[in-house]
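Reader: I should like to discuss how the helices of this protein pack together, and where certain residues lie. May we proceed by question and answer?

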Amino acid sequence: MLIICGIAVVDIIASNLPKVANPGELIFSSIKLCVGGHACNVTLDLVQIGVPKNKIVPVFAVGSDILGGFLEKNIKNTDLKPKVFRTDKALTSKDLILVVKGEDRRFHVDPGANMYLSPEYVVEVAKKEKPTIFYLGGVGMLDALDKDLENVLRKIKDLGALTFVDVVAPYGKSWNFIISALKWVDIFHCNDVEIKEITGKDNLIDALEKISKLGVKFCIVTLGEKGLIANFPKVRITMPAFKVRVIDPTGAGDAFCAGLILKLFKVIRSKADIYTIKIEDWKNFLLYASACGAACCEAIGTTASVKPEYIKRIIRSQGGDVSRKTVIEDI
């Protein structure tokens, strides 16, 4: 069983913008209302790439408003049975995303109900479902859960689950909240800015080494068009990126995580032990996950193009080259 927990957001995406409008200026673009946030994106990606629906339990928070209904309905329409924590303390989270041609995305986020996702609720769901893999995405914007993160992850580990944590820039606090929890993290995903801020190291290799010392077993840093770098026990993997026509990169990191979760789920269904996986297999897992992230960039929306036909095409055309250029070194 997979528990996919974390932030849930309604994405309002303005894409293909020629520029950001000046004060009072009118700019035309394509604007879509989409399901977003790590928990929802990873869940939908997993369904699309082939994980059985009865093996996925999404867990997220919404407010008592129409957008909360929009999120819940879209997840239930895939025949999933989400565990939804409802709160009257805030409205459902929203993210206004501006995508300008040739520029990185601009995010404008209302954290909303995510701030109130109950750690007790999450642990109770985990005790009932007994997951093999517990994914927690959007750490940093889950205020109530962030405050109890170490305790939550320890309890999840006590259930025998593999813990997979993905972060966002912390809202209203420093990164200090996460340090003591890292010893309970099996797989940690972030970008280069985030890992440098967490560790206080300006050099990426130094940052990777420090986060390993803090307790993370497998740390994967995705670098956008520069690929990825990962520190595993005694081994470092550096992999270049797939080259695709980027329409909208929103959700690419979530697609990467979904691809990796799929591969891990196939290997460790009966036992959450990733230490027996051979490094060549890890390389192939990362290659597939990277192709999922690349596929995500080829259409507007966080999950629209994370589908087997897109992923297979990318791997078929570029997988050999990416694999040959991947560097595996002892550390």
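Author: A crossing is called right-handed if the near helix is turned clockwise from the far one by less than a right angle, and left-handed if anticlockwise. The model discussed here is predicted.

Reader: What is the handedness of the crossing of helix 9 and helix 10?

Author: The axes of helix 9 and helix 10 cross at roughly 145° and come within 7 Å. In the sense just defined, the crossing of helix 9 and helix 10 is right-handed.

Reader: Which class of residue has 14 members in the contact of helix 9 with helix 10?

Author: Helix 9 brings A252, A255, F256, G259, L260, L262, K263, L264 and V267 to the contact, where they meet W282, F285, L286, Y288, A289, S290, C292, G293 and C296 of helix 10. Three of these residues are polar and one is charged. The class with 14 members is nonpolar.

Reader: How are helix 10 and helix 11 oriented to each other?

Author: Helix 10, residues 279-296, packs with helix 11, residues 308-325, at an angle of about 130°, and their axes are 9 Å apart. An angle from 65 to 115 degrees would count as roughly perpendicular and one over 145 as roughly antiparallel. Helix 10 and helix 11 are therefore oblique.

Reader: How many residues in the contact of helix 10 with helix 11 are charged?

Author: On the side of helix 10 the contact is made by K283, L287, Y288, A291, C292, A294 and A295, and on the side of helix 11 by Y310, I311, I314, I315, G319, V322 and S323. Eleven of these residues are nonpolar and two are polar. The number that are charged is one.

Reader: Is helix 1 oblique or roughly parallel to helix 9?

Author: Helix 1 (residues 38-49) and helix 9 (residues 252-267) pack at an angle of about 50°, with their axes 9 Å apart. Only angles under 35 degrees count as roughly parallel. Helix 1 is therefore, with respect to helix 9, oblique.

Reader: How many charged residues has the contact of helix 1 with helix 9?

Author: H38, N41, V42, D45, L46 and I49 of helix 1 make the contact with D254, A255, A258, G259, I261 and L262 of helix 9. Seven residues of this contact are nonpolar and three are polar. The count of charged residues is two.

Reader: Over what arc around the axis do the buried residues of helix 3 lie?

Author: The buried residues of helix 3 are P119, V122, V123, V125, A126 and E129. They lie on the same side of helix 3, because around its axis they cover an arc of only 160°.

Reader: Which exposed residues does helix 3 carry on the face turned away from its buried side?

Author: The buried residues of helix 3 pack against several elements, including strand 1, strand 4, helix 4 and helix 5. The face turned away from that buried side carries the exposed residues E120 and K128.

Reader: Is K130 buried or exposed?

Author: K130 is in the loop between helix 3 and strand 8. Although K130 is not a glycine, its phi is positive, about 50°. Exposed means over 50% relative accessible area. With a relative accessible area of 58%, K130 is therefore exposed.

Reader: How should K217 be classed by its relative accessible area?

Author: K217 is in the loop between helix 8 and strand 11, and the residues it touches include W184, F232 and Y275. Its relative accessible area is 25%, whereas buried would need under 20% and exposed over 50%. K217 is therefore partly exposed.

Methods:
Residues numbered from 1 in each chain as written. Predicted model: local features only at pLDDT ≥ 70, side-chain atom pairs only at ≥ 80, totals over all residues. Heavy atoms only, no water. Axes fitted to C-alpha atoms, helices over the stretch in contact; angles between N-to-C directions. Helix = DSSP H or I, 4+ residues; strand = E, 2+ residues; numbered from the N terminus. Contact = heavy atoms within 4.5 Å. Nonpolar A, V, L, I, M, F, W, Y, C, P; charged D, E, K, R; others polar. Buried < 20%, exposed > 50% of the residue type's maximum accessible area, 1.4 Å probe, protein only. Arc of directions from axis to C-beta. Lists of a residue's contacts leave out its neighbours within four places in sequence.
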